[in-house]
Amino acid sequence: MATEQESFFGEGGDLQEAVVAINRSAKVVKGGRRFSFSALSVVGDRRGRVGVGYGKANEVPPAVEKSIGDAKKNMVRIPLKGDTIPHEVIGRFGAARVFMRPAGAGTGVIAGGGVRAVCQMVGIRNILTKAMGSTNPVNLVKAAMDGLLRLKDVREVARLRGMPIEELIQEAPAAPEMPVPKPAETSEGQPQ
């Protein structure tokens, strides 16, 4: 049975999870090396909600469990426009930067590794991304989340500007028609 908090936030079982990276680190002790593991996971409902989590433990399965639990605690809602993002954005974290651009239908998720996992868990089906700077998967995932958190939908922009939504999304004026050049005439008055 779902708890009251789970039913309120809709975490009943519609969440999907993806492990992005598992890292092994070693501590040298008197008897040799002692290994510890860290895991980075992304959890989302593919309908605009996503969370990123990080967990550490002495074995891989507990580290993954901790990271998934952490991701569920850090769930946020991302504004989408259909199956893409509403506008271009650059997310930053540390030395990692992730540029994201909305894409037309049929483009797919053009992204690498951790950024792809974040986009898919949010529910984005068409997006163009480029990772710049650091290639550390933890920093790239956090930069992607920073970019997604910077997104604003049309209602929020209208509220911030203090204007009605209808005025904000007026159709752009059509481009003026270019005059068609007349064919050049020769000395005899005949067109070439």
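This briefing describes the fold, the confidence and some side-chain pairs of one protein model. The model is predicted, with a mean pLDDT of 86 for the protein. The protein contains six helices and eight strands. Buried residues account for 32% of its 192 residues.

**Confidence**
- A pLDDT of 70 or more is reached by 83% of the residues.
- Residues 1–8 are a weak stretch, where pLDDT stays under 50. For these residues the model has two contacts beyond four places in sequence.
- Where pLDDT is low, the predicted coordinates should not be read in detail.

**Overall layout**
- Along the sequence, the helices and strands follow the pattern α-β-β-β-α-β-β-β-β-α-β-α-α-α.
- Of the contacts between residues at least 6 apart in sequence, 55% join residues at least 24 apart.
- The accessible surface of the protein is about 12,500 Å², and carbon and sulfur atoms contribute 52% of that area.

**The four-stranded sheet**
- An open sheet is formed by four strands in the order 1-2-3-4, with antiparallel pairing.
- Strand 1 (16–29) and strand 4 (76–77) are at the edges; each has a single partner strand, so one side of each is left without a neighbour in the sheet.
- Strands of a sheet pair through backbone hydrogen bonds, either parallel or antiparallel.
- Strand 1 and strand 2 make a hairpin with two residues between them.
- Strand 2 covers residues 32–44, and 13 bridges join this strand to strand 1. One bridge pairs Gln-16 with Gly-44 of strand 2.
- Helix 2 (residues 60–73) lies across strand 1, strand 2 and strand 3 (49–57). The angle between helix 2 and strand 3 is about 145 degrees.

**The loop between strand 2 and strand 3**
- Arg-46 is located in this loop, between strand 2 and strand 3. Its phi is near 60 degrees, a positive value in a residue other than glycine.
- Arg-46 has a relative accessible area of 37%, so this residue is partly exposed.
- Arg-47 is in the loop between strand 2 and strand 3 as well, while Asp-14 is in the loop between helix 1 (4–9) and strand 1.

**Salt bridges**
- The whole structure has five salt bridges, including the three described here.
- Asp-14 pairs with Arg-47, with 2.9 Å between the closest N and O atoms. Because Asp-14 and Arg-47 lie in two separate loops, the pair ties together parts that are 33 residues apart in sequence.
- Asp-14 is partly exposed at 30% relative accessibility, whereas Arg-47 is exposed at 56%.
- Arg-49 pairs with Asp-45, and their closest N and O atoms are 3.6 Å apart. Arg-49 has a relative accessible area of 8% and is buried; Asp-45 is also buried, at 7% relative accessibility.
- Asp-153 pairs with Arg-155, with the closest N and O atoms 3.2 Å apart. Asp-153 counts as partly exposed at 23% relative accessibility, while Arg-155 counts as exposed at 56%.

**A buried residue in helix 4**
- Asn-139 is part of helix 4 (residues 137–149).
- The relative accessibility of Asn-139 is 18%, so this residue counts as buried.
- Leaving aside residues up to four places away in sequence, Asn-139 touches Phe-93, Ala-96 and Ser-134.

How values were computed
Residues are numbered from 1 along each chain as its sequence is written. This is a predicted model: local features need pLDDT of at least 70, side-chain atom pairs count only at pLDDT 80 or more; totals for chains, interfaces and linings use all residues. Side-chain values use heavy atoms; hydrogens and water are left out. pLDDT is the predictor's confidence in each residue, from 0 to 100. Contact means heavy atoms within 4.5 Å. Two strands pair if DSSP finds at least two bridges between them. Axes are lines fitted to C-alpha atoms, for helices over the stretch in contact, and angles run from 0 to 180 degrees between N-to-C directions. Buried means under 20% relative accessible area, exposed over 50%, partly exposed in between (1.4 Å probe, protein chains only). Accessible areas come from the Shrake-Rupley method with a 1.4 Å probe; for residues, only the protein chains shown count as cover. A salt bridge is a side-chain nitrogen of Lys or Arg within 4 Å of a carboxyl oxygen of Asp or Glu.
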